[in-house]
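Biologist: I'd like a close look at one part of this model, the place where two helices pack together. Could you walk me through that spot and what surrounds it?

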Amino acid sequence: MKRKFQAGGAVTNEQIAAWWADPANQKLSDAEIKAAMDTYKVSPDQFATAIGANEATAADIAKRYEEAPSIPATPTTPD
């Protein structure tokens, strides 16, 4: 079951970790991940912390976020 969160709301680190644990989300492009992060107001730092990234991985997350093209996000609503 896909997890849905209200766009623009406060997303917890636990919610981010659960979202990232879904193999389907790990296959998203950098642009799609960036769009989700922007929709839910998740910073690269918060994303890295939530998934337990080490310093090198956190730096890679920030770099990939900055380099990813912006695409319009489609907000979802809670079930």
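Modeller: Keep in mind that this is a predicted model. The axes of α3 and α5 come within 9 Å and cross at roughly 95 degrees. Angles from 65 to 115 degrees count as roughly perpendicular, so that is the word for how α3 and α5 sit relative to each other.

Now for the side of each helix that does the touching. From α3 you get D30, K34, M37 and D38, and they meet R64, Y65 and E66 of α5. Sorted by class, this contact has five charged residues, two nonpolar ones and no polar ones.

Next, look at α3 on its own. Its buried residues are A31, I33, K34, A35, M37 and T39. Two of these, K34 and M37, are also on the list of residues that meet α5. The cover over the buried residues of α3 includes α5, but also α1 (residues 13-21), α2 (residues 23-26) and α4. Just after α3 comes K41, which has a positive phi, near 55 degrees.

There's a pocket to look at here too. The second largest pocket holds about 240 Å³ of space. Two elements, α3 (30-39) and α5 (55-67), each give two or more residues to its lining. The largest share, five residues, comes from α5. In total 15 residues line this pocket, and D30, I33, F47, I61 and R64 lie nearest its centre. You've met D30 and R64 already, since both are part of the contact of α3 with α5. By class, the pocket lining has nine nonpolar, four charged and two polar residues.

While you're in this area, have a look at α4, which spans residues 44-50 and includes T49. Exposed means a relative accessible area over 50%, and T49 is exposed because its value is 56%. In sequence T49 and I16 are 33 residues apart, yet their C-alpha atoms are 9.5 Å apart in space.

Finally, step back to the whole chain. It has five helices and zero strands, so to speak a plain α-α-α-α-α pattern when read along the sequence. Of its 79 residues, 25% count as buried. If you take the contacts between residues at least 6 apart in sequence, 68% of them join residues at least 24 apart.

Technical notes: Residues numbered from 1 in each chain as written. Predicted model: local features only at pLDDT ≥ 70, side-chain atom pairs only at ≥ 80, totals over all residues. Heavy atoms only, no water. Helix = DSSP H or I, 4+ residues; strand = E, 2+ residues; numbered from the N terminus. Buried < 20%, exposed > 50% of the residue type's maximum accessible area, 1.4 Å probe, protein only. 1 Å grid on protein atoms, 1.4 Å probe; cavity = no way out; pocket = protein on both sides within 12 Å on 5 of 7 lines; lining within 4 Å. Points joined across faces, edges and corners; volume = space filled by probe spheres on them. Nonpolar A, V, L, I, M, F, W, Y, C, P; charged D, E, K, R; others polar. Axes fitted to C-alpha atoms, helices over the stretch in contact; angles between N-to-C directions. Parallel < 35°, antiparallel > 145°, perpendicular 65-115°, else oblique. Contact = heavy atoms within 4.5 Å.
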